[in-house]
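Work through the exercises below with the sequence and the 3D view open. Try each task before you read its solution.

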Amino acid sequence: MRLILALSLLGGLLVLVSCGRANPPPPGWGDRGPVSQPPVNAPVSVALASGLIDQRPDRGMRERVDAAGADLAVCRAELEAARVTFTPVPDRVDSETCGLAGAGTLDIDRGTVARLSPGGPVMTCQTALALSVWRRQVVEPAAREIFGQDVVDIVHYGTYACRSVSNRPGARPSAHSRAAAIDVAGVVLRDGTRVMVKQDWYGDGPEARFLKRIRDEGCQVFSTVLSPDYDAPHQDHLHLEPGGRAFCR
């Protein structure tokens, strides 16, 4: 009788545990280490910031961005201290390979006139941090030096998309399936000039020089940078992705 009662209690506990189990994260999410995720509405402590977004890229910048981005509290502190508006969104699992963790919308950066177009894309905090460094320390100086004017829009093709790498059937999930990358199509200068990867990459004028410079210097900030020099699917944009092993092409 006691054995039957014990088995009954054990079965009840197993049911409770299974009912309370959260959905597992998509496979591969742990490849780049866990994200330290405070509550969405947790206060941000700027005391954790090191002023990373206002530092010029050097050989150690990529490692500093990855380290800060791996801890969401530190990542948010870096953005807040630099007056970059990053609004966290709840984690969610959309499929076996897609979902959001430690993500938010990247909104106004009060330290620059360069805006993202379309505005308010959802991305991981680590991606927002790397993009903010790249925007201020790579894109802005290059535009002022080469064109003598500011960038007012950074045109992009999006961040979050539930798909495989380059949309190839059977390929591994893209970083876009975690909102951990952004595809940049080009920029708009203050006078309205559009400098676009698709039309200007293979030229020999200042536009091509600018695009290749922001690609090359972007490799000091992002771990993966893919351009038209890489393959056919990247003929119209720069793929920018932080975290992981370095690959720049």
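**Exercise 1. Place histidine 156: which strand holds it, is it buried or exposed, and what is it in contact with?**

Step 1. Histidine 156 sits in strand β7. Helices (H or I, at least four residues) and strands (E, at least two) are DSSP runs, numbered from the N terminus. This is a predicted model, where local features need pLDDT of at least 70, side-chain atom pairs count only at pLDDT 80 or more, and totals for chains, interfaces and linings use all residues. Residues are numbered from 1 along each chain as its sequence is written, and side-chain values use heavy atoms, with hydrogens and water left out.

Step 2. Check the accessibility. Histidine 156 has 7% relative accessibility, so it counts as buried. Buried means under 20% relative accessible area, exposed over 50%, and partly exposed in between (1.4 Å probe, protein chains only).

Step 3. List the contacts (heavy atoms within 4.5 Å). Neighbours within four places in sequence are left aside; histidine 156 then touches Leu116, Ser117, Pro118, Pro121, Ile182, Asp183, Val184 and Ala185.

Step 4. Look for a polar atom. The side chain of histidine 156 has one 3.0 Å from the backbone nitrogen of glycine 158.

Step 5. Measure to histidine 237 in the viewer. The C-alpha atoms of histidine 156 and histidine 237 are 8.0 Å apart, with their positions 81 residues apart in sequence.

**Exercise 2. Find the cis peptide bond: which residues does it join?**

Step 1. The bond joins serine 117 and proline 118, and omega is about 0 degrees.

Step 2. Proline 118 belongs to the loop between β5 (115–117) and β6 (122–124).

Step 3. Go back to the first exercise. Ser117 and Pro118 are among the contacts of histidine 156.

Step 4. Now the background. Most residues other than glycine have a negative phi, and most peptide bonds are trans.

**Exercise 3. Find residues with a positive phi: where do arginine 83 and alanine 179 lie?**

Step 1. Arginine 83 is not a glycine, yet its phi is positive, about 65 degrees. Its place is the loop between α3 and β1. At 49% relative accessibility, arginine 83 is partly exposed.

Step 2. Alanine 179 has a phi near 60 degrees. It lies in the loop between β7 and β8. At 0% relative accessibility, alanine 179 is buried.

Step 3. Add a glycine. Glycine 148, just after α4, has a positive phi of about 70 degrees.

**Exercise 4. Describe α4: how many of its residues are buried, and where is its kink centred?**

Step 1. α4 has 22 residues and spans 30 Å from first C-alpha to last, close to the 32 Å expected at 1.5 Å a residue. The expected span is 1.5 Å times one less than the number of residues.

Step 2. The kink is about 35 degrees and is centred on arginine 135. The bend at a residue is the angle between axes fitted to the seven residues ending there and the seven starting there.

Step 3. Of the 22 residues of α4, 19 are buried.

**Exercise 5. Explore the largest nonpolar core: which residues touch the most other members?**

Step 1. The core has 47 residues; Leu79, Trp134, Val151, Phe210, Ile214 and Val221 touch the most other members. A nonpolar core is a set of buried Ala, Val, Leu, Ile, Met, Phe, Trp, Tyr and Cys residues joined through side-chain atoms within 4.5 Å.

Step 2. Among the elements that supply at least two core residues each are α3 (72–81), β7 (151–158) and α6 (206–218). α4 gives the most, with 12 residues.

Step 3. Follow isoleucine 214. Beyond four places in sequence, it is in contact with Trp134, Val138, Val139, Ala142 and Leu238.

**Exercise 6. Map the disulfides: how many are there, and what does the pair of cysteine 75 and cysteine 125 tie together?**

Step 1. There are 3 disulfides, each a pair of cysteine sulfur atoms within 2.5 Å.

Step 2. Cysteine 75 and cysteine 125 have sulfur atoms 2.1 Å apart. Cysteine 75 is in helix α3 and cysteine 125 in helix α4, so this pair ties together parts 50 residues apart in sequence.

Step 3. Cysteine 98 and cysteine 162 form another disulfide, at 2.0 Å. Cysteine 98 is buried at 0% relative accessibility, whereas cysteine 162 is exposed at 51%.

Step 4. Cysteine 219 and cysteine 248 are also bonded, with sulfur atoms 1.7 Å apart.

Step 5. Number the bonded cysteines in sequence order. The pairing reads 1-3, 2-4, 5-6.

Notes:
Polar contact = N/O pair within 3.5 Å; in protein donor to acceptor, adjacent residues only side chain to side chain.
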